[in-house]
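I sat down with this model today to look up what it packs inside and how its strands are joined. My notes are below, in the order I went.

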Amino acid sequence: MEHLDFLGHFHHPWLMDSSFSETPPDERLDNLIFHPKNQSEGSINVGDYTCDACARKVHFTTNDFLKAFGNSKTRLSTQEHEAACRRRPLRKDKGEAFLDFHCPGCRRPVRLVFEPTEFAMGCYYFTVVALLEGQSPRS
Ligand SMILES: [Zn+2]
């Protein structure tokens, strides 16, 4: 019990700061730009994230980014959300937003930080500018 008590009272730097690492987005994503322009023609942009921990793929479309852009709620735990924000704060001046998920294969928390670009009145396309990956609970 002494050990648990110790852990409860001290923050270990490796738990606090190494919980997320930043990876160049193009190392895991096969597409970084999500444009809605051709949605009605069925040529909406799509992209796959490939987890390097478990090789699982997660599929995205422009709609996923549109939804995340309009709703700033995280899908991560409060602790994971805060750790991700510490590791890579959002640039509010660029209107950055995030798309968060847990890898369906290994449950690792992942955050895609993306930047909106207004290409017509009220119409945006999105560019993934940063990728944060947490530790898999199994590793
Ligand atoms: Zn995974």
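I began with the largest nonpolar core of this predicted model. I noted 18 residues in this core, and the ones with the most contacts inside it are Phe65, Leu99, Leu112 and Phe114. Next I looked up where the core residues come from: helix H3 (62-70), helix H4 (78-87), S5, S6 and S7 each supply at least two. S7 gives the largest share, six residues.

I then picked Leu112 for a closer look. What is Leu112 in contact with, once its neighbours within four places in sequence are left aside? I found Phe98, Leu99, Val128 and Leu131.

On to the strands. I checked S5 (residues 97-102) against S6 (residues 109-120), and the two pair in the antiparallel sense over six bridges. To fix the register for myself, I wrote down one pair: Phe101 has Val110 in S6 as its bridge partner. The hairpin of S5 and S6 has six residues between the strands. In that turn I found Arg107 with a positive phi of about 70 degrees.

How many bridges join S6 and S7? I got 10, again in an antiparallel pairing, with S7 covering residues 123-134. Here my register note is Glu115, which stands opposite Thr127 in S7. The hairpin of S6 and S7 has two residues between the strands, and Gly122 takes a positive phi near 75 degrees there.

One last jotting, to tie the entries together: S6 pairs with S5 and with S7, and S5, S6 and S7 are among the elements that supply the core.

Methods. Residues are numbered from 1 along each chain as its sequence is written. This is a predicted model: local features need pLDDT of at least 70, side-chain atom pairs count only at pLDDT 80 or more; totals for chains, interfaces and linings use all residues. Two strands pair if DSSP finds at least two bridges between them. Helices (H or I, at least four residues) and strands (E, at least two) are DSSP runs, numbered from the N terminus. A nonpolar core is a set of buried Ala, Val, Leu, Ile, Met, Phe, Trp, Tyr and Cys residues joined through C-beta atoms within 7 Å. A residue is buried if 20 or more other C-beta atoms lie within 10 Å of its own, exposed if 12 or fewer, and partly exposed in between; C-beta atoms are placed from the backbone. Two residues are in contact if their C-beta atoms, placed from the backbone, lie within 7 Å.
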